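Visitor: I'm new to this structure. Could you show it to me and explain the terms as we go?

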Amino acid sequence: MRTFDRNSFSLLVFHALLITTAFSMGAKAVHIDIYNDFGQGVTLTIHCRYNGADLGARTLPYPKAVGFDIDEKARGAKLSCSFQWPGASHSYNIYIAGWDRCHPCKWMARKSGPCLEATLFGDGGIDEQCHNWD
């Protein structure tokens, strides 16, 4: 293994152990799903960072999703993602601790911007909060 590969692997293992330890100590996790809602034939690439740590890029054909479990109590916890599809590239802060209140969080990535789906209590309907890309 080359030095860079060993260092990258070691860093990945360290982050995994750190996150596992935090969750085992009673930290509360928020599950976040981000769906490609661009329609048939459009592939979306999502590249996310959690508190500055690179979570890597994922390529999603329609209507696939990528999921994350993050510690909502981590000081300044933030999940920031870039979104790329043919002809465009944008970004959005998908989750900011203390600001967002979704459990779980279901995001639909669309050309117009990301939309957070929330289940309405009582009538079982769905409410969407759509935003502009950053």
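**Two buried side chains**

Guide: The side chain of Asn 36 comes to 2.8 Å from the backbone oxygen of Leu 60. Keep in mind that this is a predicted model, where local features need pLDDT of at least 70, side-chain atom pairs count only at pLDDT 80 or more, and totals for chains, interfaces and linings use all residues. Residues are numbered from 1 along each chain as its sequence is written, and side-chain values use heavy atoms, with hydrogens and water left out.

Visitor: What makes the pair of Asn 36 and Leu 60 a polar contact?

Guide: A polar contact is a pair of N or O atoms within 3.5 Å; within protein, one must be able to donate a hydrogen and the other to accept it, and residues adjacent in sequence count only if both atoms are side-chain atoms. At 2.8 Å, the pair falls within 3.5 Å, so the distance fits. The Asn 36 side chain also has a polar atom 2.9 Å from the backbone oxygen of Val 42.

Visitor: Why is Asn 36 called buried?

Guide: Buried means under 20% relative accessible area (1.4 Å probe, protein chains only). Asn 36 has 1%, so it counts as buried.

Visitor: And how do you know whether Trp 133 is buried or exposed?

Guide: Trp 133 has a relative accessible area of 12%, which is under 20%, so it is buried too. Its side chain reaches the backbone oxygen of Lys 111 at 3.1 Å, and a polar atom of that side chain lies 3.4 Å from the backbone oxygen of Arg 110.

How values were computed: Buried means under 20% relative accessible area, exposed over 50%, partly exposed in between (1.4 Å probe, protein chains only).
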